[in-house]
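Student: I should like a close look at one part of this protein, followed by its setting in the rest of the chain. Which residues line the largest pocket?

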Amino acid sequence: MVATALINMYAKCGRIDDAFRVFKVMPRRNIVTWNTMLSGLAMQGKGDMVLHLFAQMFREVKPDDVTFASLLSACSHSGLVVQGRHLIYSLESSYGIKLSAENYSCIVDLLGRAGHLEEAESRIRRMLIAPHEVVLGSLLGSCSVHKNLELGECLMKERKTRDLAIK
């Protein structure tokens, strides 16, 4: 627990080399430790390193939905759209992971940042759970960045109509 806390602290302070040094010398690592390291690397924009480390992870632990949130976030912040798409399509079939609300947020962020707004919108419309503010906010932010305010306005009108119908 102490080593995992150190990894988390170093990563959040931007000292990713120190975080990785602690990670490498740990005799045993659990899923929390792996997710902490992956998340720290993702925060620092080290997408390629996250994907490389993920490939090594299977020797010790099975990934979970938190793992994939870190992977998708890393792909999003590093511009690794192709790799992110591959992860999206293999989550359930290859890894048996059901998409969580956080996974959906990461998917929409990945696609939206890359300018694939229609694909992000399509993902939201096919969600098995109701889209929450983080998912919609991510797409709205991307709509603003990529100057597609019509899509953003349409989504907000639909959300408002749905919220009124529920009341």
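Tutor: Helices (H or I, at least four residues) and strands (E, at least two) are DSSP runs, numbered from the N terminus. The model is predicted, so local features need pLDDT of at least 70 and side-chain atom pairs count only at pLDDT 80 or more, whereas totals for chains, interfaces and linings use all residues. Residues are numbered from 1 along each chain as its sequence is written, and side-chain values use heavy atoms, with hydrogens and water left out.

A pocket is an open set of points on a 1 Å grid over the protein atoms alone, where a 1.4 Å probe fits and protein lies on both sides within 12 Å along at least five of seven lines; its lining residues have an atom within 4 Å of a point. The volume is the space filled by probe spheres set on the points, which are joined across faces, edges and corners. For the largest pocket, this volume is about 240 Å³.

The lining of the largest pocket consists of Ile-88, Tyr-89, Leu-91, Glu-92, Lys-98, Leu-99, Tyr-104, Arg-123, Arg-126, Met-127, Leu-128 and Ile-129. Helix H6, which spans residues 81–95, gives the most to this lining, namely 4 residues. By character, the lining comprises 8 nonpolar and 4 charged residues, with no polar ones. Here Ala, Val, Leu, Ile, Met, Phe, Trp, Tyr, Cys and Pro count as nonpolar, Asp, Glu, Lys and Arg as charged, and the others, Gly among them, as polar.

The setting of the pocket is a protein with 10 helices and 0 strands. The C-alpha atoms of the protein fill a box of roughly 55 × 30 × 30 Å along the principal axes. Of its 167 residues, 44% count as buried, that is, under 20% relative accessible area (exposed is over 50%, partly exposed in between; 1.4 Å probe, protein chains only). Among contacts (heavy atoms within 4.5 Å) between residues at least 6 apart in sequence, 60% join residues at least 24 apart.

Several individual residues complete the picture. Ser-122 is found in helix H8, residues 117–125, and is partly exposed, because its relative accessible area is 30%. Its C-alpha atom is 9.6 Å from that of Val-108, although 14 residues separate the two in sequence.

Ser-78 belongs to helix H5, residues 65–78, and is partly exposed at 27% relative accessible area. Leaving aside neighbours within four places in sequence, Ser-78 is in contact with Gly-45, Lys-46 and Gly-47. A polar atom of the Ser-78 side chain lies 3.2 Å from the backbone oxygen of Gly-45, and one lies 3.0 Å from the backbone oxygen of Ala-74. The C-alpha atoms of Ser-78 and Gln-44 are separated by 9.3 Å, with their positions 34 residues apart along the chain.

Asp-18, in helix H2 (residues 16–25), counts as buried because its relative accessibility is 17%. Its side chain makes a polar contact of 2.7 Å with the side chain of Arg-15; such a contact is a pair of N or O atoms within 3.5 Å, where within protein one must be able to donate a hydrogen and the other to accept it, and residues adjacent in sequence count only if both atoms are side-chain atoms.

Finally, Lys-147 is found in the loop between helix H9 (133–145) and helix H10 (149–166). Lys-147 counts as exposed because its relative accessibility is 69%, and its phi is near 60 degrees, a positive value in a residue other than glycine.
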